[in-house]
Amino acid sequence: MFFSTLKSLDGLLELRHAPLPCTLHDDLGGAPVTPMVALYFDPQTVVSLDSNGQPLSYYGDRRWDLRSMSTDGESACHLYFFEAQPLLIPPEKSRPDLADLIREQQKSLLWLHMDTGNQKAQSTILRATNVLTQLAEKAYRRGVTLFELFCDPLMLGEVSAELSNTYSLNARSLLKTLWRHRNFLKIGVEACLKELIDIIRESAPKNDAEGHQTPIIPSRIYCAILAGLLGSLDDIERDLDTLLNAYRKERTVTITAPEGLTQDQLKYRRNNALEEIRESMRALGWKTGSVREFIAGEIGLIQLKLMNLVIAFSGMRIGEAQVLPLKGVLEEVEHRGSVHHVINGFSHKLKKGKKKPVSWVTSLEGFRAIILARRIASTILEVLSNGTPAADKAAVLFCSTENPYKKYDAARINARLRQELIPEICPVITQADIDELNALELERGWLREGIEVGKHWPLAFHQYRRSLSVYAHRSGMVSLPALKGQLQHITDEMRAYYSDGFCRAVNLVFDKDHFSHEWTAAKAESSFLSYQLGILFSDEDLLGRGAQRMANTVASHTRAETLKLFEQGKIAYKETVLGGCVATEDCKTLPLEPIGLECLEKNCVNQVVSPKRLEYVIRSQEGVVARLEKVERGSVEYRLEVTNLQVLLKARQRLTENA
């Protein structure tokens with residue numbers, strides 16, 4: 001895995017005014033490279049290791065191999081640095097060693113960016129490298145160094161205007177790294193950091209789609225996609241043995257070819273051995289061309305369909321599905337007399353680049369998809385490892401047909417999804433689908449690119465996750481905390497997904513006898529009963545504008561008339577930690593926040609506050625603050641809890657005065 005050989009900057013080599021006496025590695029082939037400029041780091045500094053823990057790339061290499069940083073440890077990843085091209089002609093008076101100096105500055109800044117702070121994801125480092133390469137080219141054209149470009153407000157503003165929004169974010173992050181190590185890098189910066197960051201932020205073009213959430217799949221299209229995927233399971237189960245036998249025979253013929261045969265003899269032997277395979281593949285659609293490529297393509301398409309099913313019936317991210325392990329991926333758990341299927345895997349999301357074991361509950365459909373994918377991966381592992389798997393590697397469930405330890409390539413997945421799977425399983429969009437989307441529009445909005453009447457639905461993997469969570473919660477069978485545990489969500493995501501809109505989604509529970517329909521039909525009566533217990537029969541004087549509103553509304557109505565108002569949706573009530581809420585419209589507060597601090601602070605017109613409950617919460621909060629004051633005074637957690645206590649105390653005073 002990627003690691004650091006530098007424990008701190010205290011022991012780093014100081015910048016020298018003469019080249020280090022060394023020869024750089026040239027892993028691209030050719031003669032050794034002699035450095036023309038001073039180096040910031042020893043060229044023998046190890047920047048990556050291979051799977052056996054041996055040095056894979058050194059700081060002095062012309063490219064760095066970071067495959068060990070990929071989530072499977074096998075997928076190729078190379079970082080290339082600035083090289084002066086004939087078309088990049090610098091000004092006439094530029095330094096003769098300008099290109100070498102810019103390249104060295106790019107490498108040193110990138111190494112500092114990689115090697116300090118939290119471990120960064122492979123994609124983050126790739127974007128940072130691309131940003132630096134772009135800036136290096138622009139600096140070379142201007143006849144200045146990379147650091148001079150970074151530190152000149154005028155030039156930085158000019159080049160930032162040509163960066164994308166994503167690259168702008170990376171440029172600001174790199175600038176912060178440059179600023180932290182400006183003394184070691186021996187650069188003089190006259191402008192302040194905030195000024196330079198503001199220049200990048202203001203100069204970069206704005207992306208209107210930034211922050212927009214993935215669209216939920218309209219109910220008709222969602223059901224059609226799932227039906228199409230589930231319908232393919234029977235076909236996959238029927239043909240899979242034939243396909244895997246053909247894969248096994250074709251690879252065995254190639255791997256076990258006798259030595260000493262001429263090219264013609266090998267070709268003749270192979271053709272004879274593959275004749276039976278060709279016949280079996282004709283039944284699956286093969287006509288001409290390489291039977292090897294046909295088999296690999298069919299296996300890849302099946303893996304893609306199974307991956308879609310696993311994601312659809314678990315809610316995992318595409319990156320998490322790609323690195324599901326072959327060994328131990330399925331587990332059966334007995335709970336309340338029933339057996340449930342659990343998928344075991346890993347996640348790097350929000351884990352600071354570290355792999356963390358996680359689990360998802362799945363349905364029988366997801367279980368079937370995992371079983372089929374496991375048969376494919378087991379066959380590939382058996383054939384390519386010759387029955388002896390590598391002891392230091394973990395085979396992945398959705399692996400390449402060429403390497404059982406390498407994940408299915410993301411670029412190929414997306415290409416086949418667009419070109420083959422979407423036309424097969426995604427129905428054509430109708431105006432009714434657009435109308436349903438408009439009714440579900442969340443406050444932050446959705447990116448509508450490609451969603452047009454008459455076109456196939458532009459399916460993307462994250463849409464499964466979004467749709468599963470919204471429709472599951474809409475059914476009334478799944479709580480938000482349960483969804484948070486299943487989907488590995490963070491609070492901001494949950495707020496963006498569920499603070500609005502899900503209540504207008506279609507209920508996709510089709511069983512007419514299912515209890516969720518009774519639950520939905522009984523919501524009005526349940527709300528009325530909750531109101532009776534919480535307000536009507538309360539033995540204390542309730543506080544809050546919501547209590548006053550409810551009292552005024554029902555004062556002149558009988559219980560039967562009040563129940564009618566609940567059924568018509570004109571009034572509503574639900575219990576909360578502090579008392580209740582009488583909102584009939586969609587609530588805008590955080591759905592996972594246990595105590596309605598935001599409602600208290602804003603003096604929400606819908607809140608009902610029980611004085612006893614409020615006093616209990618205040619005493620509890622005072623205890624939390626007192627405990628933190630002793631051990632963590634001044635910490636972020638302490639300051640947050642103090643702020644929450646102040647909100648509670650101010651709310652008590654205001655509510656009491658207005659009672």
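This report walks through a predicted model of one protein chain, from overall make-up to single residues.

**Overall make-up**

The protein chain has 659 residues, and 46% of them count as buried. Its secondary structure comprises 23 helices and 12 strands. Consider contacts between residues at least 6 apart in sequence: 65% of these join residues at least 24 apart. The accessible surface is about 33,700 Å². Carbon and sulfur atoms account for 52% of that surface.

**Helix α8**

Helix α8 covers residues 263-282, which makes 20 residues. From first C-alpha to last, α8 reaches 27 Å. That is close to the 28 Å expected at 1.5 Å a residue. Yet α8 has a kink of about 40°, centred on Leu274. Leu274 is also buried, as are Ile277, Arg278 and Met281 in α8. An α-helix has 3.6 residues a turn, so residues three or four places apart point the same way.

**A three-stranded sheet**

Strands β10, β11 and β12 form an open sheet, in the order β10-β11-β12. The pairing is antiparallel. The edge strands are β10 (574-575) and β12 (607-609), each pairing on one side only. Strand β11 spans residues 579-581 and joins β12 through three bridges. One named bridge links Cys581 to Gln607 of β12. Strands of a sheet pair through backbone hydrogen bonds, either parallel or antiparallel.

**Two residues: Ser48 and Glu637**

The table sets out where these two residues sit and how accessible they are.

| Residue | Element | Relative accessibility | Class |
|---|---|---|---|
| Ser48 | strand β1 (residues 46-49) | 0% | buried |
| Glu637 | helix α23 (residues 636-658) | 40% | partly exposed |

Why does Ser48 count as buried? Its relative accessibility is 0%, and the cut-off for buried is under 20%. The side chain of Ser48 reaches the backbone oxygen of Asp65 at 2.7 Å.

Glu637 lies in helix α23. At 40% relative accessibility, Glu637 falls between the 20% and 50% cut-offs, so it counts as partly exposed. Which residues does Glu637 touch, not counting those up to four places away in sequence? They are Leu628 and Glu632. Val625 is 12 residues from Glu637 along the chain, and the C-alpha atoms of the two are separated by 9.4 Å.

Conventions: Residues numbered from 1 in each chain as written. Predicted model: local features only at pLDDT ≥ 70, side-chain atom pairs only at ≥ 80, totals over all residues. Heavy atoms only, no water. Helix = DSSP H or I, 4+ residues; strand = E, 2+ residues; numbered from the N terminus. Buried < 20%, exposed > 50% of the residue type's maximum accessible area, 1.4 Å probe, protein only. Contact = heavy atoms within 4.5 Å. Areas by Shrake-Rupley, 256 points an atom, 1.4 Å probe, with all protein chains shown as cover. Expected span 1.5 Å × (residues − 1). Bend = angle between axes of the 7 residues up to and from the residue. Pairing = 2+ DSSP bridges. Polar contact = N/O pair within 3.5 Å; in protein donor to acceptor, adjacent residues only side chain to side chain.
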